[in-house]
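Please read the following report alongside the sequence and the model. It moves from one strand and its neighbours to aromatic contacts, enclosed spaces and backbone geometry.

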Amino acid sequence: MTENELQIRPMQPEELNLMLDWAADEGWNPGLNDARCYYQADPKGFLLGLVGGEPVATISVVRYSDSLGFLGFYIVRPEYRGRGYGMQVWNAGMAYLAGCNVALDGVVAQQDNYARSGFRLAWNNVRYAGNARHSEELTPSSVTKLGPADLPELFEYDKAFFPDTRPAFLAAWIDQLGGTALAIREGGALAGYGVIRPCREGFKIGPLYADSPDLAATLFDGLQRAVPEGAPIYLDLPDNNAAAVALARSAQMTPVFETARMYTGTQPDLPLSRIYGVTSFEIG
């Protein structure tokens, strides 16, 4: 191997925090416990590019099944850009996802580049930012904390909102340190759930799924109450869900960042009208 040749290999668990540090440097504000949760989705799906033993590039290519993959964390350290390392790690990642319908949430400015690699636009997601507000109304008894006993019901409910199953990831996601996971029920049946987690700055809500705008608003209120009043909060939502946009604006949140959700294959038939917050721009 020559001095400037790129070596690509799967990351070790402890190396995922390096990837998150680089993401923070890019302004992506990752969650404090994302590494552990993301690793549950696919331990082999995080690639590191090294030159002379020095980490220079990353990409996540989480393979949920033989039919679905999600690409993210495509980062080359600034001082190593323009040398072809990004394309090499990209090609390695896409090779790992061969045969899958691959999804990503890419910055809008890169949409044309992704299109040249076979991705097609599905919709745009928008990050809204604001501050937690605690209303004087009591949280209704229909809102409860999610725990291990709820996992079978949660796995079944989540199937409607994601193109594949993700049990190991969800189990970690609702149980992460510093996070709060809430469910809302109607007639005893799960009718929505949401998670809020601590990030490098403030807190992110995601996912936020609900069967109606009123249920989503009730969950959103409960999640806000789980963090200090006035703390920065963020919500990533599909811009074609008018009710989700209205919810964010009613909470005095403003748009600060936008991504293009794109797929290499057929766009999954997801209930976007019931998606008030996506789980994560990095892994879907």
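In β3, which residue is the bridge partner of Leu50? The bridge partner of Leu50 in β3 is Pro55. This is a predicted model, in which local features need pLDDT of at least 70 and side-chain atom pairs count only at pLDDT 80 or more, while totals for chains, interfaces and linings use all residues. Residues are numbered from 1 along each chain as its sequence is written, and side-chain values use heavy atoms, with hydrogens and water left out.

**Strand β2 and its neighbours**

Helices (H or I, at least four residues) and strands (E, at least two) are DSSP runs, numbered from the N terminus, and two strands pair if DSSP finds at least two bridges between them. Strand β2 covers residues 46–51 and is joined by six bridges to β3 (residues 54–63), the two running antiparallel. Five bridges join β2 to strand β1 (residues 6–10), again in an antiparallel arrangement, and on that side the partner of Gln7 in β2 is Leu50. Leu50 therefore has a bridge partner in β1, namely Gln7, as well as Pro55 in β3, with strands and bridges assigned as above. In the hairpin of β2 and β3, two residues lie between the strands, and Gly52 takes a positive phi near 60 degrees.

Burial is judged by relative accessible area (buried under 20%, exposed over 50%, partly exposed in between, with a 1.4 Å probe and protein chains only). Six of the six residues of β2 are buried, so the strand is largely enclosed by the rest of the structure. Phe46, Leu48 and Leu50 point one way from β2, whereas Leu47, Gly49 and Val51 point the other way, and all are buried.

**Aromatic contacts**

A pair of aromatic rings is described by the distance of the centres and the angle of the planes. Here, rings of Phe, Tyr and Trp (its six-membered ring) pair if their centres lie within 6.5 Å, and planes under 30 degrees apart count as stacked, over 60 as edge-to-face and the rest as tilted. The structure holds 16 aromatic pairs, including the two in this table.

| Pair | Centre to centre | Angle between planes | Class |
|---|---|---|---|
| Tyr64 and Phe162 | 4.9 Å | 70 degrees | edge-to-face |
| Tyr74 and Trp90 | 5.2 Å | 55 degrees | tilted |

The pair of Tyr64 and Phe162 links distant parts of the chain, 98 residues apart, with Tyr64 in the loop between β3 and β4 (68–76) and Phe162 in the loop between α5 (151–158) and α6 (167–173). Tyr64 counts as buried at 12% relative accessibility, and Phe162 likewise counts as buried at 7%. Arg166 lies over the face of Phe162, at 4.0 Å from the ring centre; such a placement requires NZ of Lys or CZ of Arg within 6 Å of the ring centre and within 35 degrees of the ring normal.

The pair of Tyr74 and Trp90 joins strand β4 to helix α3 (residues 85–96), with their positions 16 residues apart in numbering terms. Tyr74 is partly exposed, with a relative accessible area of 29%, whereas Trp90 is buried at 6%. Tyr38, Phe73, Phe169 and Trp173 form one aromatic cluster.

**Pocket and cavity**On a 1 Å grid over the protein atoms alone, a cavity is a set of points where a 1.4 Å probe fits but cannot get out, and a pocket is an open set with protein on both sides within 12 Å along at least five of seven lines; lining residues have an atom within 4 Å of a point. Grid points are joined across faces, edges and corners, and a volume is the space filled by probe spheres set on the points.

The largest pocket has a volume of about 720 Å³, and of the 30 residues that line this pocket, Trp28, Tyr74, Val107, Gln110 and Tyr114 are the closest to its centre. Strand β4 gives the most to the lining of the largest pocket, with six residues. The largest cavity holds about 140 Å³ of space, and the closest to its centre among its 18 lining residues are Phe161, Phe162, Arg261, Leu270 and Gly284.

**Backbone geometry**

Most residues other than glycine have a negative phi, and most peptide bonds are trans. The peptide bond from Gly206 to Pro207 is cis, with omega near 0 degrees, and Pro207 is found in strand β10 (residues 203–210). Asn29 has a positive phi near 55 degrees and is buried, with a relative accessible area of 10%. Gln252 has a positive phi of about 60 degrees, but counts as exposed at 58% relative accessibility.
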